[in-house]
Amino acid sequence: MAADFDRELKRLLEQAGCAHLRAGKGSHQIWYSPISKRKFPVPIGIKSRHTANGVLKDAGLPKAF
């Protein structure tokens with residue numbers, strides 16, 4: 001079974017001060033980062049470390065996976 005990066009990714013986002021704003025279209029959530037000052041989508045059920053690292057990049061955070 002593939003790894004699921006959701007829990008750890010959301011923990012890292014919350015520690016950095018990012019906030020979950022709302023559910024997005026389909027299988028995404030919309031988050032806001034005070035670091036990058038942007039809203040960004042976070043897929044639900046992330047199975048790829050590349051996708052998880054891409055979300056961190058959107059939030060202005062370094063790679064962690």
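**Entry 1: starting at N53**

I began with N53, which touches K63, A64 and F65 once residues up to four places away in sequence are set aside. I noted early that this is a predicted model. Where does N53 sit? I found N53 in helix α2. Is N53 buried or exposed? At 8% relative accessibility, N53 counts as buried, because the cut-off for buried is under 20%. I also looked up the spacing to A64: N53 and A64 are 11 residues apart in sequence, and their C-alpha atoms are 6.6 Å apart in space.

**Entry 2: the rest of α2**

Next I wanted to know which residues of α2 are buried. I listed A52, N53, V55 and L56. They cover an arc of only 155° around the axis, so they lie on the same side of α2. I then turned to the face pointing away from that buried side, and there I found the exposed residues H50 and K57. What do the buried residues of α2 pack against? I wrote down α1 and β3.

**Entry 3: over to α1**

Since α2 packs against α1, I went there next. In α1 I found D6, L9, L12 and L13 buried. Their arc around the axis is only 135°, which puts them on the same side of α1. The exposed residues R7, E14 and Q15 are carried by the face turned away from that buried side. I asked what covers the buried residues of α1. The cover includes β2 (28–33), β3 and α2. Just past the helix I stopped at G17, which follows α1 and has a positive phi, near 95°.

**Entry 4: the core**

I then looked up the largest nonpolar core. How many residues does it have, and which of them touch the most other members? I counted 14 residues, with L9, L13, F40 and V42 touching the most other members. The elements giving two or more residues to this core are α1 (6–15), β3 (38–43) and α2 (49–58). A general note I kept beside this: in soluble globular proteins, nonpolar side chains tend to be buried together.

I picked V42 for a further look. Leaving aside neighbours within four places in sequence, I found V42 in contact with L9, L13, S27, H28, Q29, W31 and V55. L9 and L13 are among the buried residues of α1, and V55 is among the buried residues of α2.

**Entry 5: the sheet**

I followed the strands next. In what order do they lie? The 3 strands form an open sheet in the order β1-β2-β3, with antiparallel pairing. β1 (19–23) and β3 stand at the edges with a single partner strand each, so one side of each has no neighbour in the sheet. On average, neighbouring strands here are turned by 35° against each other, direction ignored.

I checked the β1 and β2 pair and found an antiparallel pairing over 4 bridges. A23 stands opposite Q29 in β2. The hairpin of β1 and β2 has 4 residues between the strands, and in this hairpin G26 takes a positive phi near 65°.

I then checked β2 against β3. How many bridges join them? I noted 6 bridges, with the two strands running antiparallel. I looked up several partners along the way:

- H28 has P43 in β3 as its bridge partner.
- W31 is bridged to F40 in β3.
- Y32 stands opposite K39 in β3.

F40 was familiar by now, as one of the core residues that touch the most other members. The hairpin of β2 and β3 also gave me a positive phi: K37 takes one near 55°, and there are 4 residues between the strands.

**Entry 6: two rings**

Last, I looked for aromatic pairs and the count came to 1. The pair is F5 and F65; their ring centres are 5.1 Å apart and their planes lie at 70°, so the pair is edge-to-face. Which parts of the chain does the pair link? The two sit in distant parts, 60 residues apart: F5 in the segment before α1, and F65 in the segment after α2.

I compared how covered they are. F5 is buried, with a relative accessible area of 16%, whereas F65 counts as partly exposed at 24% relative accessibility. F65 brought me back to my starting point, being one of the residues that N53 touches.

Conventions
Residues numbered from 1 in each chain as written. Predicted model: local features only at pLDDT ≥ 70, side-chain atom pairs only at ≥ 80, totals over all residues. Heavy atoms only, no water. Core = buried A, V, L, I, M, F, W, Y, C linked by side-chain atoms within 4.5 Å. Buried < 20%, exposed > 50% of the residue type's maximum accessible area, 1.4 Å probe, protein only. Contact = heavy atoms within 4.5 Å. Arc of directions from axis to C-beta. Pairing = 2+ DSSP bridges. Axes fitted to C-alpha atoms, helices over the stretch in contact; angles between N-to-C directions. Phe/Tyr/Trp six-rings, centres within 6.5 Å; stacked < 30°, edge-to-face > 60°.
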